[in-house]
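Reader: I am new to this structure, and I would like to learn how to read its features one at a time. Could you take me through them slowly?

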Amino acid sequence: EVSPLFENLPEAIPSKTVKTMEEFDQGWGSILYRTSLPQMDAPSRLHIAGGHDYVQVFVDGKLAGVLDRCKGETDLMLPACRKGAVLDILVEAMGRINFGRAIKDYKGITRSVSIDTEIDGNDVTINLKDWHIALLPDDYAHLASLTCSDNGNSGPGIYKGVLKVNKPGDTFINLERWGKGQLWVNGHALGRFWSIGPQQTLYCPGCWLRKGDNEIMVMDVEGPVQPGAWGQTTPELDKLQLKD
């Protein structure tokens with residue numbers, strides 16, 4: 001079962017400009033920025049100044065591209081679109097730098113968002129304003145309370161399933177079919193995963209399992225290639241699945 005992220009957003013907070021997570025007293029998780037785009041008759045360049053840390057960009061619900069702070073990425077091309085097309089920017093926090101000048105490591109979008117486009121034959125830069133911001137904390141109680149249904153969704157969201165166990169024991173949960181996110185088993189947080197690896201498994205101690213049905217919950221900010229997980233006796237620590 002799945003609770004699609006974009007169908008279960010909390011009430012949005014209006015803001016003239018983008019703001020960081022810390023300005024909303026949120027210290028972890030993800031944050032979604034939404035605004036409307038102007039008429040763009042040709043592909044245009046989106047520039048996000050200060051995207052901290054993993055940024056996914058959607059236009060009318062379709063993924064337009066990904067910007068990774070680890071790679072220093074700030075720009076991507078948006079397709080031509082109608083006036084009023086919805087721009088969604090989903091930003092996941094990935095931990096904080098705790099040394100040097102970068103120790104003041106705010107999360108979300110820390111500066112601004114702009115578009116370089118062409119209007120009436122002239123090159124213009126538009127600073128996007130009038131945002132609606134949704135806070136997406138990643139605590140178990142909040143995520144477990146979301147309503148799930150079996151609708152075949154494969155995008156960002158909360159996925160719940162049943163892990164059947166004949167005899168409880170230590171195991172390693174394989175998540176290589178998933179995208180990027182976190183895993184809970186029977187309410188216990190096992191850790192974070194990312195399909196690029198090299199680690200593809202998370203350790204689950206046998207004392208957290210019970211004979212029969214066990215709840216498994218995955219928060220995936222990208223969405224899986226194919227929902228499904230399994231336990232194995234040894235960890236998978238050296239399997240890279242790098243993307244182009």
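Reader: Which residues does asparagine 214 touch, leaving out those up to four places away in sequence?

Author: In this predicted model, asparagine 214 touches Gly161, Val162, Leu163, Val165, Asn186, Trp208 and Leu209, when residues up to four places away in sequence are not counted. Asparagine 214 belongs to strand S17, which covers residues 212-220, and with one of those neighbours, asparagine 186, it shares a side-chain polar contact of 2.7 Å.

Reader: Is asparagine 214 buried or exposed?

Author: Because its relative accessible area is 1%, under the 20% limit for the term, asparagine 214 counts as buried. Asparagine 186 is likewise classed as buried, at 17% relative accessibility.

Reader: How should I read a sheet, and in what order do the strands around S17 run?

Author: Strands of a sheet pair through backbone hydrogen bonds, and the pairing may be parallel or antiparallel. Here five strands form an open sheet in the order S1-S12-S17-S14-S15, with antiparallel pairing. Its edges are strand S1 (2-4) and strand S15 (188-194), each of which pairs on one side only, and from one strand to the next the twist averages 20 degrees. At the S15 edge, strand S14 (residues 180-185) is joined to S15 by six bridges, and leucine 183 has glycine 191 as its bridge partner in S15.

Reader: How is a pair of aromatic rings described, and how many such pairs does the structure hold?

Author: One gives the distance between the ring centres and the angle between the planes. The structure holds six aromatic pairs. In one of them, tyrosine 54 and tryptophan 194 have ring centres 5.3 Å apart and planes at 75 degrees, so this pair is edge-to-face. Since tyrosine 54 lies in strand S5 (residues 54-59) and tryptophan 194 in strand S15, the pair ties together parts that are 140 residues apart in sequence, and both tyrosine 54 and tryptophan 194 are buried. Tyrosine 159 and tryptophan 178 also form an edge-to-face pair, because their centres are 5.2 Å apart and their planes stand at 80 degrees. Tyrosine 159 is part of strand S12 (residues 157-165), whereas tryptophan 178 is in the loop between strand S13 (171-174) and S14, so here the linked parts are 19 residues apart in sequence.

Reader: Where does the charged end of lysine 180 sit?

Author: The charged end of lysine 180 sits over the ring of tyrosine 54, 4.9 Å from the centre of that ring. Lysine 180 also lies over the face of tryptophan 194, at 4.6 Å from the ring centre.

Reader: What should I look for in the backbone itself?

Author: Most residues other than glycine have a negative phi, and most peptide bonds are trans, so departures from either habit deserve a look. The peptide bond joining histidine 52 and aspartate 53 is cis, with omega about 25 degrees, and aspartate 53 is found in the loop between strand S4 (44-52) and S5. Another cis bond runs from glycine 197 to proline 198, with omega near 10 degrees; proline 198 lies in the loop between S15 and strand S16 (201-204).

Reader: Which residues other than glycine have a positive phi?

Author: Among them is aspartate 25, with a phi of about 60 degrees, placed in the loop between strand S2 (13-15) and strand S3 (30-36) and exposed, with a relative accessible area of 75%. Asparagine 186, in the loop between S14 and S15, has a positive phi near 50 degrees.

Key:
Residues numbered from 1 in each chain as written. Predicted model: local features only at pLDDT ≥ 70, side-chain atom pairs only at ≥ 80, totals over all residues. Heavy atoms only, no water. Helix = DSSP H or I, 4+ residues; strand = E, 2+ residues; numbered from the N terminus. Buried < 20%, exposed > 50% of the residue type's maximum accessible area, 1.4 Å probe, protein only. Contact = heavy atoms within 4.5 Å. Polar contact = N/O pair within 3.5 Å; in protein donor to acceptor, adjacent residues only side chain to side chain. Pairing = 2+ DSSP bridges. Axes fitted to C-alpha atoms, helices over the stretch in contact; angles between N-to-C directions. Phe/Tyr/Trp six-rings, centres within 6.5 Å; stacked < 30°, edge-to-face > 60°. Lys NZ or Arg CZ within 6 Å of the ring centre and 35° of its normal.
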